[in-house]
Amino acid sequence: MTKKAKNRSAKRNQSAESEKKRQKRRFSFPIKGIGRLSGFFLNKRTIRFGFVVTAVIAVYVGYCAATLPDLEKAIKNTRAPKIYILAADGSEIASYGSQYGRPVELKRLPAYVPQAVIATEDRRFYSHFGVDPRSVIRALTVNIIKRRKAQGASTLTQQVAKNLFLSSEKTIRRKVQELLLSFWLEYRLTKDQILTIYLNRVYFGAGTYGIEAAAQKYYGVRARHLNLYQAAVLAGLLKAPSRYNPLNHPQAADQRARLVLANMVKAGFVSAKTALNAAETGAVAEKNKDKSVFYFTDWIADEAEAYLGNIGQDIAVKTTLHPDKQAILDKEIKAALNSSEAKEKNVTQGAGLIMAKDGAVLAMTGGKDYRFSQFNRAVEARRQIGSAIKPFVYLSAFEQGAKANDIVEDRPLYLDGWSPKNANGKYYGRISLHDALIRSVNTVAVATAIKTGVRAVLKTARKFGIVESDCEANGAIALGVCQTRLIDAVGAYASLLNGGFAVTPYGITEIIGQNGQVLYERSDSARARLANPRDVAELDAVLIDVIQYGTGKNANPTVLAKGKTGTTQNYRDAWFIGYTQELAAGIWVGNDDETPMKKVTGGSLPAQIWGKVVHDISLPPLQEDF
């Protein structure tokens with residue numbers, strides 16, 4: 001073979017060798033083409049790499065499984081204690097605490113309750129295996145298009161796994177554990193069992209966990225008594241409990257409930273006609289639902305904690321509330337505050353309280369609408385009492401020997417640059433203490449306080465609890481410049497009702513623990529006598545005439561009653577407080593920002609409300625479902 005031929009042969013061999021190397025490289029890297037890709041997987045190093053990755057994933061999944069929480073412990077559902085508040089007749093009126101409601105069985109709920117949840121949260125719940133691939137693909141697509149997390153794909157089973165066993169941390173490990181637990185739940189439990197756990201554990205806002213607690217919190221009924229619209233509202237809460245809270249945001253809750261009902265129609269659970277009827281009638285019913293009783297129960301929950309300290313178990317609190325009287329008080333205050341008169345005269349708020357002669361609070365309304373303001377004006381607001389303090393000015397004078405028929409001279413007073421005036425700008429000349437009180441004459445009240453001794457008057461007022469300890473001893477005390485709470489003012493008049501014995505307002509009679517143990521029981525201990533019954537009787541006779549002939553004429557309830565009006569400077573506060581043979585009651589109206597009303601006196605709107613409340617209470621009891 002010639003040298004030239006040898007060179008050609010060598011080049012061919014070299015070319016063939018280069019082609020083999022190129023082919024080898026081609027099969028070693030997954031660039032374009034199926035053949036090239038398959039070549040990659042056939043490569044030994046790639047196979048080894050695949051085994052390593054698989055092993056790492058398996059180890060990590062094993063680690064996630066090994067670090068799962070104690071499932072048995074989680075299922076026991078450790079929770080905070082619950083406070084059940086009962087009316088005087090034993091009926092439950094509210095429950096409190098950030099905890100779960102009593103477990104309910106799925107079969108005991110109306111079918112539309114779980115259906116509302118399924119239609120909105122996981123429509124293919126009964127067909128998937130714990131994870132819904134269709135929902136996952138849909139959510140991924142939407143999120144990629146919108147370049148943000150705009151949609152989730154968690155099934156009810158995944159939510160049970162997360163809420164029951166896991167924390168809310170957003171890590172890969174927690175997500176893997178969630179998937180593992182979802183498969184485990186689907187393997188160990190039936191669909192109905194998973195749904196039951198979900199309904200009993202899911203958070204519905206306002207500190208409530210579970211459908212039973214939510215039904216009682218928002219509607220005051222057991223879960224098995226929820227109607228279709230209520231079920232839709234509760235199902236709608238799950239997306240955003242605060243935003244769709246029907247107490248604080250009724251319009252948003254209603255719109256969300258309508259969406260839930262539409263979902264139920266799409267899922268075939270209810271007909272379009274049924275859904276529309278529920279949306280229209282249910283919304284109207286809830287709009288008119290009165291929540292005013294929660295002013296009382298909020299106060300009771302705070303009192304229970306003050307009595308027991310740290311509450312470590314479920315408790316039942318038996319209270320003094322009378323549902324029939326509560327319904328009457330709520331109705332009359334709401335009607336008055338929603339009237340054209342209230343709007344014309346710039347009256348935006350009011351409060352009322354009914355009390356027994358021993359201080360038991362029988363009914364309480366702390367504002368116009370609990371849904372929009374939970375501030376309790378019956379126990380939290382401190383306002384000037386006005387002329388409603390005058391009975392205690394005269395009682396102090398009676399204790400020093402004065403009599404209701406004593407004649408005094410009503411004339412201008414000048415006290416260190418201050419000259420009190422009467423409401424009508426007139427002076428009456430010679431007038432009896434009786435007439436001065438029923439006409440609420442300011443100048444005579446101040447003169448009587450000075451003659452009696454302002455310190456003695458202040459001592460009497462403090463003793464009865466109608467003014468606070470920081471009130472100053474001067475002539476202005478007779479005009480009610482000192483601040484007080486409605487509950488304390490009514491308590492002072494309750495002392496007049498019982499003949500002059502001390503009254504401490506209360507709302508709890510008994511607190512029972514989980515095992516029937518009595519944790520607290522109110523005792524009827526001896527009460528101090530605050531005034532001579534003869535002096536109280538003298539005052540009592542005058543206060544009858546305040547209603548019969550004086551400033552309280554609008555309060556005449558057609559039953560024997562005594563009381564006094566109160567109006568503060570510039571008409572910022574208007575009061576009527578009084579008592580019958582059986583109970584004491586008080587009404588306050590005004591504005592939270594203390595802006596003046598338009599000439600609203602204690603003898604006008606408050607007296608009218610008071611008279612209607614007392615009159616209605618004398619009728620047969622109302623039946624009201626709270």
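This passage walks through two sheets, a disulfide and a set of aromatic and charge contacts in a predicted model.

It is convenient to start with the sheet that ends the chain order given here, in which five strands are arranged as β8-β7-β17-β16-β15. The sheet is open, and its pairing is antiparallel. Its edges are formed by β8 (361–365) and β15 (562–567), each of which pairs on one side only. From one strand to the next, the twist averages 5°. Within this sheet, strand β16 (residues 573–579) and strand β17 (residues 583–590) run antiparallel and are joined by seven bridges. A handy landmark here is a pair of tryptophans: W575 has W588 in β17 as its bridge partner.

Two helices accompany this sheet. Helix α15 (residues 323–337) packs on the sheet and touches β7 (349–356), β8 and β17. The direction of helix α15 makes about 25° with that of β8. Helix α22 (residues 533–548), in turn, lies across β15 and β16 and runs at about 65° to β15.

A further open sheet of five strands follows the order β2-β1-β6-β13-β14, and here the pairing is mixed. The edge positions belong to β2 (92–96) and β14 (518–521); each has a single partner strand, so one side of each is left without a neighbour in the sheet. The twist in this sheet averages 15° from one strand to the next. Strand β6 (residues 315–319) is joined to strand β13 (residues 508–512) by four bridges, and the two run antiparallel. A316 finds its bridge partner in β13, namely I512. Helix α14 lies across β1 (83–86), β2, β6, β13 and β14, with a direction at about 55° to β2.

Helix α14 also leads to the aromatic contacts. The structure holds nine aromatic pairs. One of them is formed by Y203 and Y209, whose ring centres are 4.7 Å apart and whose planes make an angle of 45°, a tilted arrangement. Both residues of this pair keep some contact with the outside: Y203 is partly exposed at 34% relative accessibility, and Y209 is partly exposed at 25%. Another pair, Y295 with Y370, is edge-to-face, with 5.1 Å centre to centre and 85° between the planes. This pair links distant parts of the chain, since Y295 belongs to helix α14 (residues 293–308) and Y370 to the loop between β8 and β9 (383–384), 75 residues apart. Y295 and Y370 are both buried. Ring pairs also bring in F294, which forms a cluster with Y295 and Y370.

Charged side chains meet aromatic rings as well. The charged end of K191 sits over the ring of F125, at 4.7 Å from its centre. R529 lies over the face of F501, 4.1 Å from the ring centre.

Finally, the model contains one disulfide. The bond joins C471 to C482, with an S to S distance of 1.5 Å. Both cysteines lie in the loop between α20 (454–464) and β12 (483–484), 11 residues apart. The torsion about the S-S bond is about 50°, so the disulfide is right-handed. Are these cysteines buried or exposed? C471 is buried, with a relative accessible area of 7%, and C482 is buried too, at 9%.

How values were computed. Residues numbered from 1 in each chain as written. Predicted model: local features only at pLDDT ≥ 70, side-chain atom pairs only at ≥ 80, totals over all residues. Heavy atoms only, no water. Disulfide = S-S within 2.5 Å. Buried < 20%, exposed > 50% of the residue type's maximum accessible area, 1.4 Å probe, protein only. Pairing = 2+ DSSP bridges. Axes fitted to C-alpha atoms, helices over the stretch in contact; angles between N-to-C directions. Contact = heavy atoms within 4.5 Å. Phe/Tyr/Trp six-rings, centres within 6.5 Å; stacked < 30°, edge-to-face > 60°. Lys NZ or Arg CZ within 6 Å of the ring centre and 35° of its normal.
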